Amino acid sequence: MILKLRRLILMCTAFAVSVSAFSLPVFAEAAVENSGVQSAVLSEDPSSQIDVLKDSADQPSPWAVEEVSRAIEKGLVPEWLQSDYAKPITRKELAELLSYYLLYKNENAVNFPTLWISLSTGRDVLYKENVFSDINDINLNWMYQLGCIKGYEDGTFRPDNNITRQEAAVMMHNVVRRYCYSGFMPGYVIYNASKRFKDFDDVAPWAQLQVGLLSSNVINGVEKGIFGPQYNITREQAISIILRIIEKY
């Protein structure tokens, strides 16, 4: 009886060792939120993605890791926007992000001064200072005069304000329309968007066309069938959308 018991113990020990040796490596781990703590996203090739060992505030949400990584590799994201990815993006930050999009798309520009010269050549556009009453920024001044961004009726830009998803769609469209979205039928675009999103009636009339165009292939809803026009857009959402525009057009 004792001999049989010893043999059984030895067999169990050998089995446990063999199972441990056979365990497969984990190449990807979905982030799990638990009491406000989010686990890291692991990658088979960490060099191709953002450093997942950084503080959680310095890495994107799991769904955005790949797109944000590609955007950074393409030079689309300024260094000061490479953190706090889930944080709402401000109006100034989105404009800055879009200026990097313009720089990427313009083959004749090597920096922002040459970009603005290239875009204004052949157009009746002269640089002016203090376009907005609350901020005097060279790139914002140029973007306003080139029709890329707008301010408020009181002459302010309100650079530190968060920007809603419908406002972001309008600003993005004003910038990217020179490179895409031509030859469309506005009525058809708006109709399709109204069928896709249950809350499309909540989109302001001045933003419906832009939301319709961008939601056709680059902007997703906050959940299935919901666009969320009044929700603030986050840094990682804005970065992902601009990357999709680059890769599709």
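A salt bridge is here a side-chain nitrogen of Lys or Arg within 4 Å of a carboxyl oxygen of Asp or Glu. By this criterion the structure, which is a predicted model, holds 5 salt bridges. Three of these pairs are shown in close-up below, together with views of the core, the surface and the loops.

**Figure 1. Overall organisation of the predicted model****.** The secondary structure of the protein comprises 9 helices and 2 strands. Read from the N terminus, the order of elements is α-β-β-α-α-α-α-α-α-α-α. The protein has 249 residues, of which 43% count as buried.

**Figure 2. The salt bridge between Arg 244 and Glu 67****.** The closest N and O atoms of Arg 244 and Glu 67 lie 2.9 Å apart. This pair links distant parts of the chain, since Arg 244 belongs to helix α9 and Glu 67 to helix α2, with their positions 177 residues apart in the numbering. Arg 244 counts as buried because its relative accessibility is 15%. Glu 67, at 14% relative accessibility, is likewise classed as buried. In general, side chains of opposite charge can pair when their charged atoms come close.

**Figure 3. The salt bridge between Lys 92 and Glu 96 in helix α3****.** Here the closest N and O atoms are separated by 2.4 Å. Lys 92 and Glu 96 are 4 residues apart in helix α3, and therefore about one helical turn separates them. Both Lys 92 and Glu 96 are buried.

**Figure 4. The salt bridge between Arg 235 and Glu 93****.** The side chains of Arg 235 and Glu 93 meet with an N to O distance of 2.7 Å. Arg 235 lies in helix α9 and Glu 93 in helix α3, 142 residues apart, and the pair thus links distant parts of the chain. Arg 235 has a relative accessible area of 6% and is therefore buried. Glu 93 also counts as buried, because its relative accessibility is 14%.

**Figure 5. The largest nonpolar core****.** This core contains 61 residues. Leu 94, Leu 97, Trp 116, Ile 149 and Met 172 are the members that touch the most other members. The elements that give two or more residues to the core are α2 (65–73), α3 (91–105), α4 (112–120), α5 (138–145), α6, α7, α8 (208–215) and α9 (235–248). Helix α3 supplies the largest share, with 8 residues.

**Figure 6. The surroundings of Ile 233 in the loop between α8 and α9****.** Ile 233 is a loop residue with a relative accessible area of 2%, and it is therefore buried. Its C-alpha atom is separated by 7.3 Å from that of Ala 168, although the two residues are 65 residues apart along the chain.

**Figure 7. The approach of Ile 190 and Gly 212****.** The C-alpha atoms of Ile 190 and Gly 212 are separated by 5.4 Å, while the residues themselves are 22 residues apart along the chain. Ile 190 lies in helix α7. With a relative accessibility of 27%, Ile 190 counts as partly exposed.

**Figure 8. A patch of positive charge on the surface****.** The patch gathers Arg 123, Lys 150, Arg 177 and Arg 178. Arg 178 is placed in the loop between α6 (165–176) and α7 (186–196). The relative accessible area of Arg 178 is 34%, so this residue is partly exposed.

**Figure 9. Two loop residues with positive phi, Asp 84** **and Arg 158****.** Most residues other than glycine have a negative phi. Asp 84, by contrast, has a phi near 50 degrees. Asp 84 is found in the loop between α2 and α3, and it counts as partly exposed at 32% relative accessibility. The phi of Arg 158 is near 55 degrees, again a positive value in a residue other than glycine. Arg 158 occupies the loop between α5 and α6. At 30% relative accessibility, Arg 158 is classed as partly exposed.

Methods
Residues numbered from 1 in each chain as written. Predicted model: local features only at pLDDT ≥ 70, side-chain atom pairs only at ≥ 80, totals over all residues. Heavy atoms only, no water. Patch = residues over 30% accessible without salt bridge, like charges linked within 9 Å, V, L, I, M, F, W, Y side chains within 5 Å. Areas by Shrake-Rupley, 256 points an atom, 1.4 Å probe, with all protein chains shown as cover. Lys, Arg positive; Asp, Glu negative; His and termini not counted. Charge placed at Lys NZ, Arg CZ, Asp CG, Glu CD. Buried < 20%, exposed > 50% of the residue type's maximum accessible area, 1.4 Å probe, protein only. Core = buried A, V, L, I, M, F, W, Y, C linked by side-chain atoms within 4.5 Å.
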